[in-house]
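The exercises below are to be worked with the sequence and the coordinates at hand. Each task is followed by a solution in steps.

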Amino acid sequence: MAKFQLRTVAFLLAVTTTALFSLHEVNGQVLGMDNKDVQMREHVSLGPVRPAKSILHEANIDNSFLSSFGLDVSAFSRDQIADYVPAIEQATRVNRRYIVVMEDGTSSSYVNNVVSALGATAGRGGPSIDIDRRYEELGLGFAGELSDEAVTVVRNIRGVSYVEEDVLFTKQQVPWGLDRMDQMDLPLDSHYFKAGDGSGVDAYVVDTGVRHSHEEFLGKDGKSRASSSGYDVFNTNGNGVADCDGHGTHVAGILGGKTTGVATGVNIKSVRVLNCQGSGMASHVLDGLNWILEKLRQNPNKRIVVCMSLLGQFSQTVNDAAAKLVREGAVVVAAAGNFKLDACQFSPASSSEVITVGGTKSDDSTYEQSNYGSNYGGCIDIFAPGQHIRSAYKNSDSSYHHMSGTSQATPHVAGAAAILLQIDPTLTPVEIRSKLILRASKSKINFGNFPASARTVTPNKLIYLPQGSSSTLTITDPFCRSVWSALSEPKAGARTNVSCTPSEVMTGCSSLANDNNKGGEKIIKHNGVDTCIAMNGDARATGVYAVARCCLWPSMTCQTNTSAPSSSSDDAMTHTKCHRREVPEGHSRPILTGCSSHTSGHVLGGARPATNQISIFIRLPLHTCIGLNAPGGTGVVAQAMCCSAPGLDCKTVWSPESATNKNSMVVAICEEGWLLTNCNAYSWSGHSAGAQPYDNKCFARNGVGGGRDGVYAVAICCKP
């Protein structure tokens with residue numbers, strides 16, 4: 001069989017003018033260049049099949065004519081005609097062209113006689129035949145243009161093994177998702193230049209299983225890089241870690257396939273937590289993550305990436321489990337979801353410690369298909385290609401399929417993380433995330449599919465992994481990001497919270513309520529970790545978000561100082577400041593990096609740093625945080641986040657006042673070289689919806705009811 005397969009592929013290669021072959025897919029079945037099974041179709045009819053003798057008789061082809069070619073009519077008669085092999089994908093079929101393959105052992109002289117006779121037959125008014133290719137070195141066979149009757153005659157010739165439709169070959173195109181990763185701007189250039197291949201990194205695919213024997217996972221040694229063992233939470237069904245749905249294999253192929261994958265040298269480990277219908281329970285996901293953590297603890301120095309192209313409703317348990325993996329050294333990458341909703345509503349997408357990925361199309365708009373589309377919001381870290389992605393599939397070891405969604409975007413980022421780990425094995429998960437975000441292409445994505453209110457809080461960052469980037473991926477400067485909580489319950493005083501990773505410091509805490517009915521925000525210690533808490537307003541409130549600014553800032557230490565409550569008088573103020581304290585040698589005196597306020601009611605004027613700009617020439621250190629009680633408020637408490645680090649310097653940037661109409665927005669921007677450490681919305685009338693920190697921009701939005709006054713955005717900008 002192997003000899004037959006190789007001969008067939010050789011014949012196919014001989015009639016193409018291009019060097020490489022693009023795999024063609026129909027219902028998951030693919031014909032490839034390697035030694036694969038050729039899809040045979042036995043006795044496929046081209047219509048009513050007339051006896052070859054009748055066709056020859058009508059053309060006056062008899063023994064006396066054929067004898068001049070060393071043949072007779074019996075050479076054109078057989079009990080069972082030769083097989084006919086149609087093109088697998090009819091769109092690639094070349095009309096009226098065929099490849100004729102002779103049986104093993106057929107003499108060269110006999111084939112020459114047959115070819116000569118067929119040409120002469122056409123010249124005497126017989127079936128139309130124009131033979132233009134011979135393959136004597138590869139094996140016995142020929143190719144050319146044949147009419148339907150000519151095909152019938154050829155299939156009746158003794159010694160013919162099969163007749164195959166000629167098909168188009170093209171060069172192999174780089175999958176567009178890979179093509180997009182190594183360039184900042186469109187148009188695509190049909191190339192994917194890797195900075196590495198992820199060798200030595202284990203990638204755990206938490207999904208429906210993986211077809212480990214697929215050709216995409218074959219390593220240079222001919223062995224599969226996808227382990228046949230793994231973990232299956234459905235271990236009673238006899239399916240093992242094999243993939244009976246297809247989703248997991250497709251995801252694994254994007255992450256680490258040899259032609260469809262980002263990291264072509266990564267080791268694939270299957271963790272099957274979803275069934276043959278692509279669903280499972282939170283308890284299944286926890287079981288799978290528990291197994292991964294067990295493996296990690298057995299080999300704590302192993303570099304691993306966990307790819308979670310799945311999600312469910314918000315689950316603190318699932319989020320905590322994913323966060324625990326991150327804290328013990330695993331890079332966890334999760335899908336944002338495909339519901340055109342806020343990703344903060346789902347898990348593990350809402351976990352502050354995983355890398356959450358949204359999806360894009362080839363024109364750099366966000367993924368959207370019918371009623372589905374990429375989720376959005378502040379819980380997303382980065383976007384990656386996610387629409388019409390070609391990758392490995394479950395049907396066979398050479399089957400491929402196109403799928404769309406944030407599930408397909410996620411392994412692009414997981415593969416990039418594996419490459420970064422290969423380049424520098426000492427990187428922590430937080431540093432991996434920082435590198436990916438810092439390197440991302442900025443402001444390339446069209447957010448037109450998202451609600452207007454989501455566009456300013458969704459990071460406009462597209463995965464970018466340049467060729468030869470190992471020497472330029474070192475982070476030496478501080479890096480800050482916004483981390484969003486889930487939306488609180490719509491109950492009076494309901495709370496929501498968010499924390500930074502242990503290796504980050506929280507420099508500020510903000511809150512946002514779309515209906516401007518909120519109690520503000522504050523930072524508390526929870527299990528020794530700074531936690532940003534936002535409070536919902538009264539019973540009419542619709543929910544509130546907490547937003548923390550989390551920074552990787554070498555040697556920075558922070559603590560909070562809280563004021564006494566103000567009176568309940570309109571426009572009453574209270575303040576707190578950063579006090580001198582003992583700090584490490586070389587550190588600055590504690591400086592105000594964050595300023596927050598909260599109230600027991602639902603009307604809040606906000607918080608702002610005290611002005612430290614004496615003149616255009618003199619700026620004093622930033623130390624004091626002021627809280628404002630709005631008209632009708634019950635009193636306010638101010639809280640200062642005071643941080644110290646070598647050379648730390650901070651200042652305030654105020655926006656102009658917004659218009660007074662509802663939902664009007666303003667922005668304060670930290671200039672080049674300064675990092676946003678806190679973002680406040682300040683309103684004398686108490687009608688602010690809150691603050692939205694994004695990159696180095698601080699957005700403030702007026703409430704849904706407007707107000708007699710507008711709102712200010714107040715940014716605290718710091719630099720080392």
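**Exercise 1. A serine in a loop**

Is Ser190 buried, partly exposed or exposed?

*Solution.* The model is a predicted one, in which local features need pLDDT of at least 70, side-chain atom pairs count only at pLDDT 80 or more, and totals for chains, interfaces and linings use all residues. Residues are numbered from 1 along each chain as its sequence is written, and side-chain values use heavy atoms, with hydrogens and water left out.

Step 1. Buried means under 20% relative accessible area, exposed means over 50%, and partly exposed lies in between (1.4 Å probe, protein chains only).

Step 2. Ser190 has a relative accessible area of 37%, so Ser190 is partly exposed.

Step 3. The backbone is considered next. Ser190 is not a glycine, yet its phi is positive, at about 65°. Ser190 lies in the loop between H6 and S8; helices (H or I, at least four residues) and strands (E, at least two) are DSSP runs, numbered from the N terminus.

Step 4. Pro187 is also found in the loop between helix H6 (176–181) and strand S8 (202–207). The peptide bond that leads from Leu186 to Pro187 is cis, with omega near 5°.

**Exercise 2. A second positive phi**

Determine where Asn527 lies and classify its exposure.

*Solution.* Step 1. The loop between strand S26 (518–526) and strand S27 (529–536) holds Asn527.

Step 2. Asn527, a residue other than glycine, has a positive phi near 55°.

Step 3. The relative accessible area of Asn527 is 71%, and Asn527 is therefore exposed.

**Exercise 3. The packing of H8 and H9**

Describe how these two helices pack, and list the residues through which they meet.

*Solution.* Step 1. Two packed helices are described by the angle between their axes and the distance between the axes. Axes are lines fitted to C-alpha atoms, for helices over the stretch in contact, and angles run from 0 to 180 degrees between N-to-C directions.

Step 2. For helix H8 (residues 282–298) and helix H9 (residues 316–327), the angle is about 15° and the axes are 10 Å apart. H8 is thus roughly parallel to H9 (angles under 35 degrees count as roughly parallel, over 145 as roughly antiparallel, 65 to 115 as roughly perpendicular and the rest as oblique).

Step 3. H8 and H9 cross in a left-handed manner; a crossing is left-handed if the near helix is turned anticlockwise from the far one by less than a right angle, and right-handed if clockwise.

Step 4. On the H8 side the contact is made by Ala282, Val285, Leu286, Leu289, Ile292, Leu293, Leu296 and Arg297, and on the H9 side by Thr317, Val318, Ala321, Ala322, Lys324 and Leu325. Contact means heavy atoms within 4.5 Å.

Step 5. By class, the contact of H8 with H9 comprises eleven nonpolar, one polar and two charged residues. Ala, Val, Leu, Ile, Met, Phe, Trp, Tyr, Cys and Pro count as nonpolar, Asp, Glu, Lys and Arg as charged, and the others, Gly among them, as polar.

**Exercise 4. The packing of H10 and H11**

At what angle do the axes of H10 and H11 cross?

*Solution.* Step 1. The axes of helix H10 (residues 406–423) and helix H11 (residues 429–439) cross at roughly 115° and come within 10 Å. H10 is thus roughly perpendicular to H11.

Step 2. The crossing of H10 with H11 is right-handed.

Step 3. H10 contributes Val413, Ala416, Ala417, Leu420 and Leu421, which meet Ile432, Lys435 and Leu436 of H11. The contact of H10 with H11 has seven nonpolar, no polar and one charged residues.

**Exercise 5. Disulfides**

How many disulfides does the structure hold? Examine two of them.

*Solution.* Step 1. There are eleven disulfides, a disulfide being a pair of cysteine sulfur atoms within 2.5 Å.

Step 2. The sulfur atoms of Cys344 and Cys379 are 2.0 Å apart, and this link is right-handed, with 110° about the S-S bond. Cys344 lies in the loop between strand S13 (331–335) and strand S14 (346–347), and Cys379 in the loop between strand S17 (372–373) and strand S18 (382–385), so the pair ties together parts that are 35 residues apart in sequence. Both Cys344 and Cys379 are buried.

Step 3. Cys500 and Cys550 have sulfur atoms 1.9 Å apart. Their torsion about the S-S bond is about -80°, so this disulfide is left-handed. Both Cys500 and Cys550 are buried.
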